[in-house]
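Visitor: I would like to take a close look at one part of this model, and then to see how that part sits within the rest of the chain. Could you guide me through it slowly?

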Amino acid sequence: MFLDLKCCFLGEYLMFLGSTMEQRGRKARRVRGYLSVMLLWSVASAQSRYSIPEEVSEGTVVGNIAKDLGIDKSSLKGRKYRIVSGDAEPLFRVSHNDGVLSVSRKIDREQVCAQSSACVINLKTVLENPLEVHYIEVEVVDINDHSPEFPEKEKLLEISESALPGARFQLKPARDPDSGHFSVQQYKLSQNEHFRLEVKDKGDDGKIPIIILQKPLDRETSKSHYFILTANDGGKPPKSGSMNIEVKVLDINDNAPFFSKDIYSVTLKENAPIGTTVLQVNATDLDDGANGDVTYSFSNSINHNILNLFDIDLLTGDITVKGRIDYEEKNKYEIEIEASDQGIAPLTTEKSVTIKIVDVNDNAPEIEVTSFSRSIPEDSRPGTTVALISVNDLDSGPNGKVICTLNDNVPFTLSPSLKDKTFSLVTKSPLDREKKSEYDLIITAKDAGQPQLSSEKTISVIISDVNDNSPEFAQSPYTFYMWEGNNPGDSVFIVKAFDHDENENAHISYHLFRDGAETNKLTSFLNINSETGDIVALKSFDFEAVKTFQFQVVATDSGTPSLSSNVTVHVFILDQNDNAPVILYPVSSNGSAEGVEEIPRNVHAGHLVTKVRAYDADIGYNGWLLFSLQEVSDHSLFGLDRYTGQIRTLRSFTETDEAEHKLLILVKDNGNVSLSATATVMVKVVEPKEAFAASDVQSAAKDDEDSDVTFYLMITLGAVSLLFVISIIVLIAMQCSKSTDYTSKYLQEPNYDGTLCHSIQYRSGDKRYMLVGPRMSIGSTIVPGSHANTLVLPDRRRTSEEVSTLVL
């Protein structure tokens, strides 16, 4: 009954203790009261058993052992009453004074008894003199002072998204150091749609939480799921502990990569530098890890040429230029791109990328000449087609639009044809080969791009000859001077004509125009070389017989039809010194040039003895006569005038002078090779009376003779002068139209007023020449190489003599 009572008290005490855990201030006082009541003895074993809640403070009285065991309190100290314990810090101590058992330090049941259902501490007390051993049991009663605790605050579960509903995943249970009803009694799982909780009771091992998959997982929808598992004990109020659970959904390769755009289209300029990024494709794979790592490549079906032009980065998807991009080769590329993940069984997605090439003005126009007539006749009409020109530019749009032009100042033009970029090269004005026989035509083609590109092509067009030009003579008319006495068969002069045409059209032949007219009668004495125009005289001409004549030469080309022209040739016969002087006085009865002159002895100096008269049929220098004394008996007595032929006394006669004097007079002309004649004058000195008688007779005879000679001489000179005047007028009229190119080197200087009418001086090298003639025109032609009569002129600047050529 005592044991029952003890148990009843212990139960009430535990209930009371559990309800008053939070009122620690009053706990100690109530425990002391209850300990005094709960002291019980074991009748059978004489053991004392006490009960104490855990966590009581130090010094709390467990019970009075001496009293309960009936031990005299006064002997406790003497008998060394003590608790035998091996702990360095025992949980209990006993007082030597009154035998009260108290708590020496705070007792943690879970530490002392671990997970035992009943926590009883056995104490052994000892008394000496006599030795007594008493055993005491102290039961430490559990209180709910611990919350359930999971081994991990954070729990990571990795579950494949391929896991099927119903899959079970066991978790480590929560632990509560408390025992009995205060241990873990239940688990709760926070609300979620994928998992539910199931608890498995394993008896002494406690309750095991298990989560069960009730809905399939999808990592692409949610990579992780979070919820809380809570463990509650049986206390009132219950204590709990929780664990955060993260379910990481493990990926499987169940998603193929997908591109960020439905359509990839980009423009790219041709000739883009190698390495230029065209565009970047981007694909995403919802899977994770290698299953979500995307790599890029060209499709296996792609054209091989594209692989030479473009490249794609394996990781970034950048498409770059690898080769030369030419719009003219292809203006658009369709490239199939593959995006593949790195799963064990890779999934691949294809996407088409369109690259449109933008034209750049990188091609100059190309000029092609077709149907080209290299040679066209000069009589072609305007609009005649010479060639067909086609121009091509591989570029497009404005870059391929071509403007074609021709160089300026040419009689050609480009005419657009009906076909695009095709032109006709045609003549635009009459052609004249004689002005220009060949044209270098520069065809320039320019496009409309920026920057503008152009090209040129040069073609040569030859203008073929047409016989449209008559021969032209070098001079018109010709004026030639020829010496009389020419050798028959010798070339006397030459005419030359030229034709602006070419080849046969320019081949000229010559012939003399003979129509039987009186004016052309002398052409029978001439002949002309048909090829060279060299004119040959068939007879010798005499100045005294023919002084001038004219004829016509015809020049004809070999064209079809042939063209011809003629020229008048004026020929002037130049006088040669072929006539010797003729003595007119004195002339004897037998015709010899001899005469006798009588003069009185008493004449003074300067007396005119006589005058020698002579005539030369030649003209000019050839007819200019000079007189000189060849023989004279006394040079001091007589003198002869060089130009007039007058013989005069130089002094008076003396008694010692001879009565008869012979004078030999030489008369010579001034030709290149002088011709001469002599006359003999016998001068007789007589006394004055004889002289007067003789002089009267002689004077009468002389007067009659002089009158006749003078008359005939005047007629001859008048006729010659008239002929000269007519010749000069004709010459001037012909020379008015002639150029005077070669006269600039002449220095005109009249220097003589006598027989000669006109003279021209000029210098050639070291020689100075004088040309003398009857008022010759400045433009008159001088026959080259002539050697006429010469006149020796002293050069005032030189000591040597220079020869002047006389041409008449």
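Visitor: With which residue does Glu193 form a salt bridge, and how far apart are the closest N and O atoms?

Guide: The partner of Glu193 is Lys215, and the closest N and O atoms of the two residues lie 3.2 Å apart. This pair links distant parts of the chain, since Glu193 belongs to the loop between strand E11 (184–189) and strand E12 (195–201), while Lys215 belongs to the loop between strand E13 (207–213) and strand E14 (224–233), 22 residues apart. Lys215 has a relative accessibility of 35% and therefore counts as partly exposed. Please keep in mind throughout that the model is predicted, and that every distance quoted here is computed from it.

The pair you asked about belongs to a structure that holds 18 salt bridges, and a few others help to place it. The side chains of Glu152 and Lys155 also meet in a salt bridge, with 3.8 Å from N to O. Both of these residues are partly exposed, Glu152 at 31% relative accessibility and Lys155 at 23%.

Another salt bridge brings together the side chains of Arg601 and Glu687, at 3.9 Å from N to O. Here, too, the pair links distant parts of the chain: Arg601 is in the loop between strand E43 (594–600) and strand E44 (608–611), whereas Glu687 is in the loop between strand E50 (676–686) and helix H6 (688–735), 86 residues apart. The two partners fall into separate exposure classes, because Arg601, with a relative accessible area of 16%, is buried, while Glu687, with 45%, is partly exposed. Beyond such pairs, salt bridges that share partners join Arg433, Glu434, Asp465 and Glu502 into one network.

From the charged side chains we can turn to a sheet. Four strands, given in the order E26-E32-E31-E28, form an open sheet with mixed pairing. Strand E26 (375–377) and strand E28 (402–406) stand at its edges with a single partner strand each, so one side of each is left without a neighbour in the sheet. On average, and with direction ignored, neighbouring strands of this sheet are turned by 30 degrees against each other.

The pairing can be followed strand by strand. E28 and E31 run antiparallel and are joined by 5 bridges; among the facing residues, Thr405 has Thr444 in E31 as its bridge partner, and Ile403 stands opposite Lys446 in E31. E31 in turn pairs with strand E32 (residues 454–464), again in the antiparallel sense, over 9 bridges, and Tyr439 stands opposite Val461 in E32. A hairpin of 6 residues joins E31 to E32. As general background, the strands of a sheet pair through backbone hydrogen bonds, either parallel or antiparallel.

Ser429 offers a further view of this stretch of the chain, as it is found in the loop between strand E30 (422–427) and strand E31 (438–447). Its relative accessibility is 25%, so Ser429 counts as partly exposed. If neighbours within four places in sequence are left aside, Ser429 is in contact with Pro382 and Pro411. Ser429 and Val410, in turn, are 19 residues apart in sequence, and their C-alpha atoms are 8.9 Å apart in space.

The surface also has a nonpolar side to it: Leu131, Val133 and Tyr135 make a nonpolar surface patch of about 310 Å². Of these residues, Tyr135 is found in strand E8 (residues 132–141) and, at 44% relative accessibility, counts as partly exposed.

It remains to set these details against the whole chain. The protein chain has 6 helices and 55 strands, and buried residues make up 41% of its 808 residues. Where contacts join residues at least 6 apart in sequence, 66% of them join residues at least 24 apart. The accessible surface of the protein chain comes to about 43,400 Å², and 51% of that surface belongs to carbon and sulfur atoms. To return to where you began, Glu193 and Lys215 form a salt bridge between two loops, one between E11 and E12 and the other between E13 and E14.

Methods
Residues are numbered from 1 along each chain as its sequence is written. This is a predicted model: local features need pLDDT of at least 70, side-chain atom pairs count only at pLDDT 80 or more; totals for chains, interfaces and linings use all residues. Side-chain values use heavy atoms; hydrogens and water are left out. A salt bridge is a side-chain nitrogen of Lys or Arg within 4 Å of a carboxyl oxygen of Asp or Glu. Buried means under 20% relative accessible area, exposed over 50%, partly exposed in between (1.4 Å probe, protein chains only). Contact means heavy atoms within 4.5 Å. Accessible areas come from the Shrake-Rupley method with a 1.4 Å probe; for residues, only the protein chains shown count as cover. Patches are made of residues with over 30% relative accessible area and no salt bridge: like charges are joined within 9 Å, nonpolar side chains (Val, Leu, Ile, Met, Phe, Trp, Tyr) within 5 Å. Two strands pair if DSSP finds at least two bridges between them. Axes are lines fitted to C-alpha atoms, for helices over the stretch in contact, and angles run from 0 to 180 degrees between N-to-C directions.
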